[in-house]
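Trainee: Could you take me on a close look at the interior of this model, and say with care what each term covers?

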Amino acid sequence: MAAKRVALALQGGGSHGAYTWGVLDRLLEEERIEIEGVSGASAGAVNAVVLAHGYAEGGREGSKRALDAFWRAVASMPYSGMSIAPDAQRPDPASKSYLFLTRFFSPYQLNPLNVNPLRDVLSAQIDFDRLRSRSPLKLFISATRVSDGALKIFSRGELTLNAVLASACLPSIHHTVEVDGVAYWDGGLAANPPVSVLVYRCDARDVLVVVLNPRGGDKIPATADEIAERVTQISFSSALSSELHATALARAEAQQSSFAWGRLDRRLSRLNLHVIDSGSYLSALDPTSRFNTGGNFIASLREEGRKQADAWLRNNLHSIGMRSTFALDAALMRT
């Protein structure tokens, strides 16, 4: 059987990105799937870069080893860009106090030396020269330009350590990251994850999105903490909703046109969209657990991601290349 070609879009979500690690780990075992390109924001960008680096080193098994090594290193961090917490489903009191302080003090005050162990792990594990020149995967990661909020997409040939750190730069936790003299914040603010770039720059007709940000539910936030958390959820989810709306409209227009002459028109009319959603699992966790990098917690997220990816493959592998398994229009009407 010929391999089914897909492009992956990986959402950000702090240490919840270990769930995506589990999804990727299972997808890499499925030889009937060929990954053409990967996009990501924040933790999704980190996963995408580690995946592509490992692929350049040793194909599918290289990617599995690279992801395993990265997340094991994350689980040993005392403090990182994705994490400031020990082994629990929520930060310990000291870490919660730190998070509370970020409401009143900037990272330049709380972390004047700009300590960021994520930088150390990435610089130790990723050969960016090799990634840029030898990875067979197309790669796109997002960052948000501080000056005007515009989206910046770094493609594989542009990727540097600072570009990845820019994509994972939470402005309340990290110092702003500059790339070529331009200041950037977390890519999830502008595209979480980038989807349209996969439509325009890849040949695969199937795009699979790994979604981490849970829906907020119907309860109206009433406390200051609940309101702040819902604002954060909306900020990091609205970019994906906007991209999906735009993609749905463009696809509908392409499908209705009697003269779809261009490559993009043809591609849009044939586009299939798929979603692996963390669903109720991450929704049930304390929102601050996305700052937790305890080893047991990371392992549980990975196992859940593997389980959900395995279930998705059993139910939907046959649909890749044939039809969408995500009801885009209906889902958007509910949001």
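Mentor: What follows begins with the chain as a whole and then turns to the interior and some of its surroundings. The model is a predicted one, in which local features need pLDDT of at least 70 and side-chain atom pairs count only at pLDDT 80 or more, while totals for chains, interfaces and linings use all residues. Residues are numbered from 1 along each chain as its sequence is written, and side-chain values use heavy atoms, with hydrogens and water left out.

The protein chain holds 13 helices and 8 strands, these being DSSP runs numbered from the N terminus (H or I over at least four residues for helices, E over at least two for strands). Of its 335 residues, 52% count as buried, that is, under 20% relative accessible area, with exposed meaning over 50% and partly exposed lying in between (1.4 Å probe, protein chains only). Among contacts (heavy atoms within 4.5 Å) with a separation of 6 or more, 78% join residues 24 or more positions apart.

The largest nonpolar core, a core being a set of buried Ala, Val, Leu, Ile, Met, Phe, Trp, Tyr and Cys residues joined through side-chain atoms within 4.5 Å, has 63 residues, and Leu8, Val38, Val49, Phe70 and Leu122 touch the most other members. Helix 2 (residues 43-75) contributes the largest share of this core, 13 residues. A second, separate core of 17 residues includes Val199, Cys202, Val211 and Val275.

Val38 deserves a closer look: leaving out residues up to four places away in sequence, Val38 touches Leu8, Leu10, Ala48, Leu51, Leu137, Lys138, Leu139, Phe140 and Leu198. As for strand 2 (residues 33-41), 8 of its 9 residues are buried, so this strand is largely enclosed by the rest of the structure. Strand 1 (residues 4-10) pairs with strand 2 in the parallel sense over 7 bridges, where pairing requires that DSSP finds at least two bridges between two strands. Within this pair, Lys4 stands opposite Ile33 in strand 2.

Leu10 appears again among the contacts of Thr20, which, not counting residues up to four places away in sequence, also touches Asn47, Val210 and Leu212. Thr20 is placed in helix 1 (residues 17-29), and Thr20 counts as buried because its relative accessibility is 0%.

Phe128, placed in helix 6 (residues 128-134), counts as buried too, because its relative accessibility is 10%. Neighbours within four places aside, Phe128 is in contact with Val49, Leu122, Leu159, Thr160, Leu161 and Val164, and two of these partners, Val49 and Leu122, are among the core residues that touch the most other members. The C-alpha atoms of Phe128 and Leu161 are separated by 7.3 Å, although the two residues lie 33 residues apart along the chain.

By contrast, Phe104, in the loop between helix 3 (93-101) and helix 4 (107-110), counts as exposed because its relative accessibility is 56%.

One further pair of strands completes the picture: strand 3 (residues 138-145), whose range takes in the Val38 partners Lys138, Leu139 and Phe140, pairs with strand 4 (residues 151-155) in the antiparallel sense over 5 bridges. Ala143 stands opposite Lys152 in strand 4, and the two strands form a hairpin with 5 residues between them, in whose turn Gly149 has a positive phi of about 75 degrees.
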